[in-house]
Amino acid sequence: MLLETPRLRPEATGPTVAVYLFDGISVFEVGCVTEVFALPRPELDVPWYTFEACAETTGMMRAMGGFGLLAEHDMTQFAAADTVIVTAVPNVRGEISKALVDALREAHERGARVVSICSGAFALAEAGLLDGLRATTHWRYAGIFAARYPKVHLDPDVLYLDEGRVLTSAGSAAGLDLCLHLVRQDHGSAVANSVARRLVLPPHREGGQAQFIEAAVRPVPEDDGVARSLDWAMENLAHPISVAQMAEVARMSSRSYIRHFARATGTSPLRWLVNQRLAAARAMLETGDAPIEQVGAAVGFADSATFRHHFTRAVGTAPSAYRRTFRR
């Protein structure tokens with residue numbers, strides 16, 4: 001039986017996403033971008049992206065690993081795209097291509113969304129697009145980046161950062177997190193979650209940066225007692241929950257429970273509870289119209305002030321602003 005093969009150049013009606021290619025590029029990050037934005041997704045019933053691979057040369061380029069790439073578009077089309085993505089630069093210590101820098105500036109001035117993955121942040125910084133903004137890159141390049149671009153507020157401890165029309169991500173697989181974030185911005189959480197399932201990824205990964213929401217899908221620990229307490233907590237999320245209650249459900253002392261919990265989940269019970277309540281609140285804000293006070297109470301926060309404090313600290317924006325973003 002023949003399997004259906006996706007068209008290499010599918011018809012697309014959505015915004016244009018352009019990625020920059022160069023001789024000697026590693027294709028993993030390019031593959032992440034291609035998988036998210038170039039693969040046709042008719043099952044989602046939304047206008048999907050028009051994807052363009054762009055380069056400064058019209059000839060065959062070598063890719064790391066011993067094969068070739070041929071871009072169908074030039075830098076003029078790169079600068080004209082709605083979203084432009086630089087997945088890497090050839091050498092973080094070397095000169096950044098003037099053609100790339102000029103195209104990034106032109107795209108930014110025109111109002112495009114400018115995105116970098118891994119060392120691609122060096123190109124955005126060289127173009128001056130990160131001056132005064134927060135940015136991230138692969139942790140291996142943090143020292144070099146900070147010394148080379150002192151006007152940029154570098155945060156090497158995050159998966160990605162969203163500064164409006166300029167977004168940067170850490171190395172390699174963090175590009176998938178950022179790409180899913182872009183889909184979430186454009187089409188909402190339901191579509192982004194569907195794409196994540198196709199990629200066999202959680203919609204959110206554990207992280208420590210403002211725009212990143214911690215995992216809504218909880219881990220299932222091997223410890224039966226801890227797993228039982230997590231199930232109980234999720235069923236009673238709207239009610240006050242103490243560590244002592246969770247320990248009792250797990251049939252452990254509080255001290256032993258905290259130790260087992262950290263080993264099974266990598267975090268503390270109270271931090272885990274806050275994360276789950278914020279995840280539940282996000283879903284309510286994205287899909288419902290209940291007042292902010294009711295949302296906070298429904299997911300177990302003691303009062304609206306406490307809810308707003310935790311939400312703003314974790315997400316980087318107020319609950320009301322978050323709702324407007326995802327309900328536009």
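Buried here means under 20% relative accessible area, exposed means over 50%, and partly exposed sits in between (1.4 Å probe, protein chains only). By that yardstick, 49% of the 328 residues of the protein count as buried. This is a predicted model, so local features need pLDDT of at least 70 and side-chain atom pairs count only at pLDDT 80 or more, while totals for chains, interfaces and linings use all residues. Residues are numbered from 1 along each chain as its sequence is written, and side-chain values use heavy atoms, with hydrogens and water left out.

**Overall picture**

- The protein has 14 helices and ten strands; these are DSSP runs numbered from the N terminus, with helices being H or I of at least four residues and strands E of at least two.
- Contact means heavy atoms within 4.5 Å. Take the contacts in the protein with a separation of 6 or more: 61% of them come from residues 24 or more positions apart.

**Helix α1 and its neighbours**

- Helix α1 (residues 27–37) has Glu-29, Val-30, Cys-32, Val-33, Val-36 and Phe-37 as its buried residues. Looking down the axis of α1, these fall within an arc of 155°, so they line one face of the helix; the arc is that of the directions from the helix axis to the C-beta atoms.
- That pattern suits a general rule: an α-helix has 3.6 residues a turn, so residues three or four places apart point the same way.
- The buried residues of α1 pack against four strands and a helix, namely β1 (16–20), β2 (50–54), β5 (83–86), β6 (113–117) and α6.

**Helix α6**

- Eleven of the 14 residues of α6 are buried, so this helix is largely enclosed by the rest of the structure. Among them are Ala-174, Gly-175, Asp-177, Cys-179, His-181 and Arg-184.
- The length checks out: at 1.5 Å a residue the 14 residues of α6 should span 20 Å, and its end C-alpha atoms are 20 Å apart, which agrees. The expected span is 1.5 Å times one less than the number of residues in the helix.
- Just after α6 comes Gly-188, with a positive phi of about 95°.

**How α6 meets α7**

- The axes of helix α6 (residues 174–187) and helix α7 (residues 189–198) come within 7 Å and cross at roughly 145°. Axes are lines fitted to C-alpha atoms, for helices over the stretch in contact, and angles run from 0 to 180 degrees between N-to-C directions.
- α6 passes α7 in a right-handed crossing, a crossing being left-handed if the near helix is turned anticlockwise from the far one by less than a right angle, and right-handed if clockwise.
- On the α6 side the contact uses Leu-180, Val-183, Arg-184 and His-187, and on the α7 side Ser-189, Val-191, Ala-192, Val-195 and Ala-196. The residues of this contact divide into six nonpolar, two polar and one charged. Ala, Val, Leu, Ile, Met, Phe, Trp, Tyr, Cys and Pro count as nonpolar, Asp, Glu, Lys and Arg as charged, and the others, Gly among them, as polar.

**Helix α10**

- For the twelve residues of helix α10 (residues 254–265), 1.5 Å a residue gives an expected span of 16 Å; the end C-alpha atoms are 16 Å apart, which agrees.
- Ser-256, Tyr-257, His-260, Phe-261 and Thr-265 are the buried residues of α10. Seen down the axis, they fall within an arc of 135°, so they line one face of α10.
- Arg-255 and Arg-263 are exposed on the other side of α10.
- The cover over the buried residues of α10 includes α8 (224–235), α9 (243–250) and α11 (269–287).
- Gly-266 follows α10 and has a positive phi, near 80°.

**Loop residues and backbone oddities**

- Most residues other than glycine have a negative phi, and most peptide bonds are trans.
- Asp-45 is not a glycine but has a positive phi of about 55°. Asp-45 sits in the loop between α1 and β2 and is exposed, at a relative accessible area of 71%.
- Arg-251, likewise not a glycine, has a positive phi of about 60°. Arg-251 lies in the loop between α9 and α10 and counts as exposed at 66% relative accessibility.
- Ser-253 is also placed in the loop between α9 and α10, and is partly exposed at 44%. Ser-253 and Val-243 are ten residues apart in sequence and 9.8 Å apart in space, C-alpha to C-alpha.

**Helix α14**

- Ser-320 is in helix α14 (residues 319–326) and is partly exposed, with a relative accessible area of 33%.
- Ser-320 and Ile-292 are 28 residues apart along the chain, with their C-alpha atoms separated by 7.1 Å.
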